[in-house]
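Please find below my notes on this entry, set out as numbered points. They concern the symmetry of the copies, the surface around the DNA and the cysteines.

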There are 2 protein chains.
Amino acid sequence: MADVARRAGVSTMTVSRALKGGRSVKEETRTRIMRAVDELGYVLDLTAGALSSKRSGFVSVLIPSVNNSNFSETVHGISDVLSEDGTQILVGYTDYSKAQEQRLIETMLRRRPEGVIVTGGVHTEGTRELLEQAAIPVIETWDMPADPIGHVVGFSNAATIEDMMARLLFRGYRKIGFIGGDDGRANGSDDRGRERRLGYERAVAALGLETSHVVPVGDPPVSIEHGGRAVVRLVEEWPDVEAAICVSDLPAFGAIMECHRREWAVPGRLAIAGFGDFEISRFCWPTITTVSVSCTEIGRKAGHLMSRAIKGARSEKPLPPQSVVIPHSIIEREST
Amino acid sequence: MADVARRAGVSTMTVSRALKGGRSVKEETRTRIMRAVDELGYVLDLTAGALSSKRSGFVSVLIPSVNNSNFSETVHGISDVLSEDGTQILVGYTDYSKAQEQRLIETMLRRRPEGVIVTGGVHTEGTRELLEQAAIPVIETWDMPADPIGHVVGFSNAATIEDMMARLLFRGYRKIGFIGGDDGRANGSDDRGRERRLGYERAVAALGLETSHVVPVGDPPVSIEHGGRAVVRLVEEWPDVEAAICVSDLPAFGAIMECHRREWAVPGRLAIAGFGDFEISRFCWPTITTVSVSCTEIGRKAGHLMSRAIKGARSEKPLPPQSVVIPHSIIEREST
DNA sequence: CCTCTGAATGATATCGATACCATAACTGGG
DNA sequence: CCCAGTTATGGTATCGATATCATTCAGAGG
């Protein structure tokens, strides 16, 4: 930067201001500086800038898995909104492990993010402590935690499945099974899957169904393959079953393909519904009934919230904890 | 750090050494320091460390799209290997746009990555200049560029489709179409798709087929939906067609679902093959014949190469440009 | 003609770590 | 008992920008 300053005949301070933009630098001076920058091929060093200004200019985002387009869309939404502020985002993958989540947060905090956005509302004690110590805005997404760390942008996973149950009941299905959802062991558990299963169980009770059946599918991420195996088990264990709700569209798809293979008509022999409105569900044959949540909207809302929270933190007027609920809807298609 | 040092009764230098690990610090001193760190809830500031040591400790990785599990696997491979060195990675998405790629690189270089890994071998002039100016190791992946910027870890996309053509021919198919692959307009183009299409055309010529037909599908990312529409066009435009090779498994899947809908037997009426060995292809009905490339291996090889290149750069013994070829194979399944 | 105001710019300290060199304490060979 | 050679530790400059306060200068207003 000193080289640029010398070449443009100004001080480094003026170069810095010119590069930040918007500050008071005479137009002519700015042009001269920009020319010098180009000629020298100078690239601003944000590392030094961050140290000096105490603003790292980025936010950490943690999601469970790379391969889930729902989470990717959320990240996209966050990124879209925050890029308007010039804030970058750094994504980490927890592999559905809370221990891994904590490790990632420890690592990321070393780079001094201005905020952290996590997925889900269940974390290790260590994670909570780290985040509180860090004293930066935190947003939990994709869930409605009972005891939030900071802000929340989410929805009730249980409620979505209760709605789906109501819809299936309305359609005349009575013997409805559930595929997926673990029972909450220590680590590597799928909290949102468990919530959805809970919604299923609550609906079974509330709607006065006499029978129910859950086929758990083991550790997340729940994949296409799991769905194929689970649907066979479901039908074997409960031959009367009329419909199955899957914890996500991927196992729903796997289940449908397995049904084709065995010549079980969908929805004739067995109706199948999923969660997440993945692209695959719109083009699968039959198309798949699913729960649609605007994942991008979760991201955009979280992004805006984070933007406000960061501004609040800078101006010593911290934003009080916000809670944003994202609506969901049931999309009925051919598979039910 | 000064607080920690005071509490442990040592200098900041000793604290720094203790935290880096492996350096010469007496075991007892280290314990004392660690205790102070815990008590104070101190978190090392890597921003400052990077500035001082001139090692940012991270590598930039650019891939076209979030929603392509092939690229995600590559990133995973890179991350696995580099995390052994304590190097983190920062991922950027180009949305298949070379202009966006350049913008991302500009932004990322401001944070002084120790290396850059890009996807593909075609870039803007500006991108090449930026990377050369930066004087850091560069790896191009997923392709075999004619004029590499630095190192290469890839394979010939054209050759994979030539192989697929040979296999289909061996199986008795003669009238084989191709779905996907643009013709190389300025921006937003799918270079790997174009290469694959080129492979198709070369095979048609080499194998002495009398007829051929390409249905392009527009801008990437090529999706499931594209495949459904394209297969209909292909059959309408060339009713004799016996087989179709798709630029990726996603359109292949879309094509198969559309065939189900129209009761065109796969492979009876039309054989369909894809590229990429996505999970969907293993569990779709019928299972999809595809080209398998070990995406994780691309990542791991790129990671190792980057690790060596960075060490080379630090010790002033730059690693001469390497070129690693990743093998591919054809996986024949039910769809052909 | 002088003071005042605001715009444009500059000088300097500082952010929080590490590189580098110096020093102190110890070890073992002669 | 001395000296070379480790091992463990400390002092200080430095990385490259920006915050902060100071300064200069032009033009407005009295």
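How do the residues of the surface near DNA strand D divide into nonpolar, polar and charged?

1. In this predicted model, the residues of the surface near DNA strand D divide into ten nonpolar, eleven polar and six charged. Of the 27 residues around the strand, those that come nearest are S16(A), Y42(A) and S52(A) from one chain, and T14(B) and T29(B) from the other.

2. As to which part of the DNA faces the protein, 65% of the atoms of DNA strand D within 4 Å of the protein belong to sugar or phosphate, and the rest belong to bases.

3. Three individual contacts from chain A can be set beside that figure. A polar backbone atom of D45(A) is 3.2 Å from a phosphate oxygen of DNA strand D, and a polar side-chain atom of S52(A), a residue already listed among those that come nearest, lies 2.6 Å from a sugar or linking oxygen of the strand. A base is reached by A48(A), of which a backbone N or O atom lies 3.3 Å from a base nitrogen of DNA strand D. The elements that give two or more residues to the surface near this strand are α2 (12-20) and α4 (46-53) of chain A, together with α2 (12-20) and α4 (46-53) of chain B. The largest share, five residues, comes from α4(A).

4. Turning to the relation between the protein copies, chain B is superposed on chain A by a rotation of 180° with 0.0 Å of shift along its axis, and the RMSD is 0.0 Å. That is the relation of a two-fold axis. In chain B, the C-alpha nearest the axis belongs to T47(B) and is 3.0 Å from it.

5. The interface fits into the same account: 100% of the interface residues of chain B are also interface residues in chain A, so the copies meet through the same surface.

6. A last point concerns the cysteines, where the count of disulfides over all chains comes to zero. Why is there no bond between C284(A) and C284(B)? The sulfur of C284(A) has its closest cysteine sulfur in C284(B), at 8.2 Å, which is too far for a bond, given that a disulfide needs sulfur atoms within 2.5 Å. Seen from the other chain, the sulfur of C284(B) is likewise 8.2 Å from its closest cysteine sulfur, in C284(A). Both residues are shielded by the protein chains in terms of accessible area: C284(A) is buried, with a relative accessible area of 0%, and C284(B) counts as buried at 0% relative accessibility.

Technical notes: Residues numbered from 1 in each chain as written. Chains lettered and ligands numbered in written order. Predicted model: local features only at pLDDT ≥ 70, side-chain atom pairs only at ≥ 80, totals over all residues. Heavy atoms only, no water. Least-squares fit on C-alpha atoms with pLDDT ≥ 70 in both. Contact = heavy atoms within 4.5 Å. Near = heavy atom within 4 Å. Polar contact = N/O pair within 3.5 Å; in protein donor to acceptor, adjacent residues only side chain to side chain. Helix = DSSP H or I, 4+ residues; strand = E, 2+ residues; numbered from the N terminus. Nonpolar A, V, L, I, M, F, W, Y, C, P; charged D, E, K, R; others polar. Buried < 20%, exposed > 50% of the residue type's maximum accessible area, 1.4 Å probe, protein only.
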